[in-house]
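Let's take a walk through this structure together, starting from the whole chain and then stopping at a few places worth a closer look. Have your viewer ready.

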Amino acid sequence: MPFPGGLWWLLCCRQGFTLLRRDYGEAEREADGEAEEEASFELRAQGDRASLEVSLSQPTRTSSGSERSLLVSEEMRSLIVEKGPGPVEEDPDALVKGWLQREVRGGVKTPWLRPRKYWFVLTPDSLDYYSSNERGAKRLGSMVLTSLCSVLWPDKQTYKETGFWSMTVFGRKHCYRLYTEHLHEAVRWVCAVQKVIDSKAPVQTPTQLLMRDVEEHYDSPEVLEQIYRCNPILCYTSSPLYAPLLPFPYGSLDQSAPGPHSYTTLRDEAVKLFNSLQQLELQQDPVPLIQGILQTCLDLPPLVDEIYCQLVKQTTEPPAPGGPGDLHYWQLLTCMSCTFLPSPPVLRFLHFHLDRTESRFPASEMAKYACFIQEALGKTRGRECVPSLEEILVLMRRQEMVCTVHCPGVAACSVTISSHTTAEEVAQELVSRLGLSQSPNLFALYEQSRLHEQPVGSSTLLADVLTRFENLAGDEQGQDVPCRLCFKHYGFLDTDNVPRDSLEFALLFEQAHEMVLRGYVPTSEETLQTLAALRLQSLNSDFSTHAPFPRLEELFPPHVLRARLPAPCPDPPPKCRGARLRAGLLAGGLWGHSLAKQRAEQDLRLRGRLREEGASTMAAIVEKWKLLQGMARPEAMAAYVALVREWPGFGSTLFDVDLRVSPVGAGPQRLWLGIGAKAVSLYKPGEPEPLDSFCYSRISSFGASDSSTFRLSVEDQDLLFETSQVDEIAQLLNTYLASMGARQPSQPQELSTGPLGPDAAVRPRGLCPGAGPWQHLLPASSFSS
């Protein structure tokens, strides 16, 4: 049905007005809506658009005669200077002015962003833009510049994509994305805007001012109560928060936060955190939400103070003190206190809040949480990981965790730890509990998995290690991830005088057996079979068909059996391009299925051959086991250790390294770097004799060149090793040097330049190593005889 003529005329006029409004009326909307009310930190009730009167001080404060309170909107309107219709080019306050293009969002038909040209003027207080530079031009928008504003420098990528140099100025409500064709002009504007921002005094929020007032009147209970009564921003609220309690730079994006999380600006994340806190009140199981909030604070450290202030606010004058929702806040505050330490002003305010809670609600659950938090804040330092789910549950009950530490040859030990317990404290407790205090050797805690292990630094928090285990267990997809803590020898200073009937000898025996299974004891197959038979004798005593029989890989190095198998013959590569093309086409057709079938048959034959080799090796081990009839367990263990001790490298800790600068001038090659109590040695894997050995008097310095390169300076040459265990190598070297210093007090020492500090030489026995970046310089005569 055709439209009447009048209706057609109405539709055409409406479309025309839409186009006119999009092109011209938009500037009027910007002029009305972009006059910013900067830094309004008031807490507004939902649905209430009226400004909230905030008292920044107590009524009794004598400043100018009366109470220091004001309307935030009126104060912020006074920051925007109204300018007359004079000529724009003759503005005496203008610092920089010129034509720039700004992104402007289109109307309904063109919702994308498109640049438009405006005349911009930078003054000591604001960045304004006008429709033109003529006399009487209308100001279309203004951004008040404060210390919280920020500006992004032009980047080359945008210039490559658009042909314009871009710069972004962030304000509280808006951000100006500006473009120019010339780099020097963009740099001039950015430097000028940044200079104006730097000249502004730091912005303080009402919460900061009130925190200062509370600190000043700490000893005046009446004044403090009046401050809390007159300033609801300090107390619990069920309404949402529209702005952070503390100042954050506008548009400060945190792009370096680790992990898969994507964050917006700090101000937006602070508001989101408060929404999460309010959800916490209604949660039946608050543990996952608590861990999520802690993870956000770990990723964005500037938010730690903000979440502390929000928690203090929500636990002040709650509607139901001690109720489930209130206790959830206290439980989160407990976890925060064991994970993060706030800045000094927030820490003082937090201590006052905890003291106030204990005095107002004595013997209550809140007072118990407050007392626990006070103690935790005195011990807390930086955490690498947020608490695990198990740790959060324990902290919610104000209890301690139980950590299981495995010891080779003995039963696992259960150790009670807190969120602040270090590996050094646990190692010292185990040394005392197992009677190893008089041992000259060193011990440590290890993160141990099926194939790998690494020592835990002395200052490492065990709570972080347990959290890492929990995270890796959740992400495990067939990988060899750490699965348990183990207590074992860390450095061998004296293995000859260990009593055979002592627990330390059992630890030494188990560690020697681990070295054999990992292939770090190069010897003949005949000796390896004898060692396996001695292992069986120590486990089961004399041979018996009814004795429990361990698997072959628990007795004999698996790599020796795999080395007997013939290497699979790879397909020869095609010589010409046409042959490679024909091979690729055939691999995708019937020939491909035939090749896959051949490879499967070959793998099946290799597995059968491996089983045959294993059966013959096990039969040989059993025959040798039968010859050990009547040998007692201590004698079998002593014979096992004696055979392993025949290798010159026994007692050294071996690291797989790639030598980039060889002492004999060869190219890069895979070697073992053996760190011992008396020397550093280089071994070719599988060879019993070292390629070279350097006593500590020949080593002038060592340290990490980068995260994967370890440097060892020996006399007039530098050895560079590529390894993933740079820190572990440096830790062990420092430990041996410190031990030698303790045994040779008469010789000159310069250990204070190392990471262990000046007291490293007097570290007690049996403690695990330190952790951190390593760089050590030694004089050539420090440890010479």
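The paragraphs below go from the overall picture to a strand group, several helices, a cavity and a few single residues.

Please keep in mind from the start that this is a predicted model. The protein chain has 785 residues, and 47% of them count as buried. Its secondary structure amounts to 22 helices and 22 strands. If you take the contacts between residues at least 6 apart in sequence, 66% of them join residues at least 24 apart.

A good first stop is strand S8, which covers residues 165-170. How many of its residues are buried? Six of the six are, so the strand is largely enclosed by the rest of the structure. You can see this on both faces: Trp-165, Met-167 and Val-169 point one way, Ser-166, Thr-168 and Phe-170 point the other way, and all are buried.

S8 also has strand partners. Strand S7 (residues 150-152) pairs with S8 in the antiparallel sense, over three bridges. Strand S9 (residues 175-180) also runs antiparallel to S8, and six bridges join these two. The connection from S8 to S9 is a hairpin of four residues. Val-169 is a handy residue to select here, as it is the bridge partner of Val-151 and also stands opposite Tyr-176 in S9.

Next, please move along to helix H11, residues 344-360. Does its length fit what one expects, or differ from it, and what is the expected span? With 17 residues at 1.5 Å a residue, the helix should span 24 Å, and its end C-alpha atoms are 24 Å apart, which agrees. The buried residues of H11 are Val-346, Phe-349, Leu-350, Phe-352, His-353, Leu-354, Arg-356 and Thr-357. As a reminder, an α-helix has 3.6 residues a turn, so residues three or four places apart point the same way. The cover over the buried residues of H11 includes helix H5 (206-216), helix H6 (221-230), H9, H10 and H12.

Some of these residues turn up again around a cavity. The structure holds three cavities of 30 Å³ or more, and the second largest has about 70 Å³ of space. Which residues line this second largest cavity? They are Thr-315, Thr-316, Glu-317, Pro-318, His-353, Arg-356, Thr-357, Arg-360 and Phe-361. Sorted by class, the lining has two nonpolar, four polar and three charged residues.

One of the lining residues, Glu-317, deserves a look at its backbone. Its phi is near 55°, a positive value in a residue other than glycine. Glu-317 sits in the loop between helix H9 (303-314) and helix H10 (324-337). It counts as partly exposed because its relative accessibility is 34%. Ala-363 is another residue with a positive phi, about 65°, although it is not a glycine. Its place is the loop between H11 and helix H12 (365-377). Is Ala-363 buried or exposed? At 74% relative accessibility, Ala-363 counts as exposed.

Now please go on to helix H21, residues 633-645. Its 13 residues should span 18 Å at 1.5 Å a residue, and the end C-alpha atoms are 18 Å apart, which agrees. Ala-636, Met-637, Ala-638, Tyr-640, Val-641 and Val-644 are buried in H21. These buried residues pack against helix H16 (503-517) and helix H17 (525-540).

Leu-643 also lies in H21, but this residue is partly exposed, with a relative accessible area of 26%. Leaving out residues up to four places away in sequence, Leu-643 touches Thr-530, Leu-531 and Leu-534. The C-alpha atoms of Leu-643 and Thr-527 are separated by 8.0 Å, with their positions 116 residues apart along the chain.

The last stop is Thr-709, found in strand S20 (residues 709-714). Thr-709 is buried, as its relative accessible area is 4%, and the cut-off for buried is under 20%. What does Thr-709 contact, apart from its neighbours within four places in sequence? Its contacts are Arg-660, Gly-703, Ala-704, Leu-720, Phe-721, Glu-722, Thr-723 and Val-726.

Note on methods:
Residues numbered from 1 in each chain as written. Predicted model: local features only at pLDDT ≥ 70, side-chain atom pairs only at ≥ 80, totals over all residues. Heavy atoms only, no water. 1 Å grid on protein atoms, 1.4 Å probe; cavity = no way out; pocket = protein on both sides within 12 Å on 5 of 7 lines; lining within 4 Å. Points joined across faces, edges and corners; volume = space filled by probe spheres on them. Nonpolar A, V, L, I, M, F, W, Y, C, P; charged D, E, K, R; others polar. Expected span 1.5 Å × (residues − 1). Buried < 20%, exposed > 50% of the residue type's maximum accessible area, 1.4 Å probe, protein only. Contact = heavy atoms within 4.5 Å. Pairing = 2+ DSSP bridges.
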